[in-house]
Amino acid sequence: MAHHMQTPASHLAYLTAQNRIPATSVVALRIAVVLSKWAERRRSRLALRQLDPHLLRDVGLTPAEADYESWRVFWRA
């Protein structure tokens, strides 16, 4: 059984298409989506620092590439 997860951005698109929520709520939701993306990037980049070289090879990264990526700031994609 496949499980389909919707992203915060897809939830936001659905909610704003309903035209029933106030503009301030839309702004708050957009901010929440951005903060969620930033938090996920930070978690992912911190996790790269923990991976062994053989696991990095499995995902197609060299240790140098993983190190570079792990030190990038979370607000940059």
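Q: A salt bridge is a side-chain nitrogen of Lys or Arg within 4 Å of a carboxyl oxygen of Asp or Glu. How far apart are the closest N and O atoms of Arg-72 and Glu-69?
A: The model here is predicted. Arg-72 forms a salt bridge with Glu-69, so the gap has to fall within 4 Å. The closest N and O atoms are apart by 3.0 Å.

Q: Which residues are linked with Arg-72 in a network of salt bridges?
A: Start from Glu-69, which forms a salt bridge with Arg-72. The side chain of Glu-69 also meets that of Arg-45 in a salt bridge (3.0 Å, N to O). This second pair links distant parts of the chain, 24 residues apart, with Glu-69 in helix 4 and Arg-45 in helix 2. The network thus joins Arg-72 to Glu-69 and Arg-45.

Q: Is Arg-45 buried or exposed?
A: Buried means under 20% relative accessible area. Glu-69, at 22%, counts as partly exposed, and Arg-72, at 25%, is partly exposed too. Arg-45 has 6% relative accessibility, so Arg-45 counts as buried.

Q: In which helix do Glu-40 and Arg-43 both lie?
A: The structure holds three salt bridges, and one of them joins the side chains of Glu-40 and Arg-43 (2.9 Å, N to O). Glu-40 is partly exposed at 40% relative accessibility, and Arg-43 is partly exposed at 49%. The two residues are three apart, about one turn of the helix, and both lie in helix 2.

Q: What pattern does the chain follow, read along the sequence?
A: The secondary structure comes to four helices. Strands number zero. Read along the sequence, the pattern is α-α-α-α.

Q: What is the relative accessibility of Ser-70?
A: Of the 77 residues of the chain, 10% count as buried. Ser-70 is found in helix 4 (residues 63-70). A polar atom of the Ser-70 side chain lies 2.9 Å from the backbone oxygen of Asp-67. Ser-70 counts as buried, because its relative accessibility is 3%.

Q: Which residues form a nonpolar patch on the surface?
A: Ile-31 is a member, and it lies in helix 2 (residues 23-48). A patch residue needs over 30% relative accessible area; Ile-31 has 48% and counts as partly exposed. Together the patch has about 270 Å² of accessible area, shared by Val-27, Ile-31 and Leu-35.

Q: What kind of pair do the rings of Phe-74 and Trp-75 make?
A: The structure holds two aromatic pairs. In one of them, the rings of Phe-74 and Trp-75 have centres 5.0 Å apart and planes at 85°. Planes over 60 degrees apart meet the cut-off for this class, so the pair is edge-to-face.

Q: Which residue do ring pairs link with Phe-74 and Trp-75 into a cluster?
A: Phe-74 is partly exposed, with a relative accessible area of 29%. Trp-75 is partly exposed as well, at 47%. Ring pairs link both of them with Trp-38.

Q: The charged end of which residue sits over the ring of Trp-71?
A: A charge over a ring comes from Lys or Arg, within 6 Å of the ring centre. Here the distance to the centre of the Trp-71 ring is 3.6 Å. The residue is Arg-49.

Conventions: Residues are numbered from 1 along each chain as its sequence is written. This is a predicted model: local features need pLDDT of at least 70, side-chain atom pairs count only at pLDDT 80 or more; totals for chains, interfaces and linings use all residues. Side-chain values use heavy atoms; hydrogens and water are left out. Patches are made of residues with over 30% relative accessible area and no salt bridge: like charges are joined within 9 Å, nonpolar side chains (Val, Leu, Ile, Met, Phe, Trp, Tyr) within 5 Å. Accessible areas come from the Shrake-Rupley method with a 1.4 Å probe; for residues, only the protein chains shown count as cover. Buried means under 20% relative accessible area, exposed over 50%, partly exposed in between (1.4 Å probe, protein chains only). Rings of Phe, Tyr and Trp (its six-membered ring) pair if their centres lie within 6.5 Å; planes under 30 degrees apart count as stacked, over 60 as edge-to-face and the rest as tilted. A charge sits over a ring if NZ of Lys or CZ of Arg is within 6 Å of the ring centre and within 35 degrees of the ring normal. A polar contact is a pair of N or O atoms within 3.5 Å; within protein, one must be able to donate a hydrogen and the other to accept it, and residues adjacent in sequence count only if both atoms are side-chain atoms.
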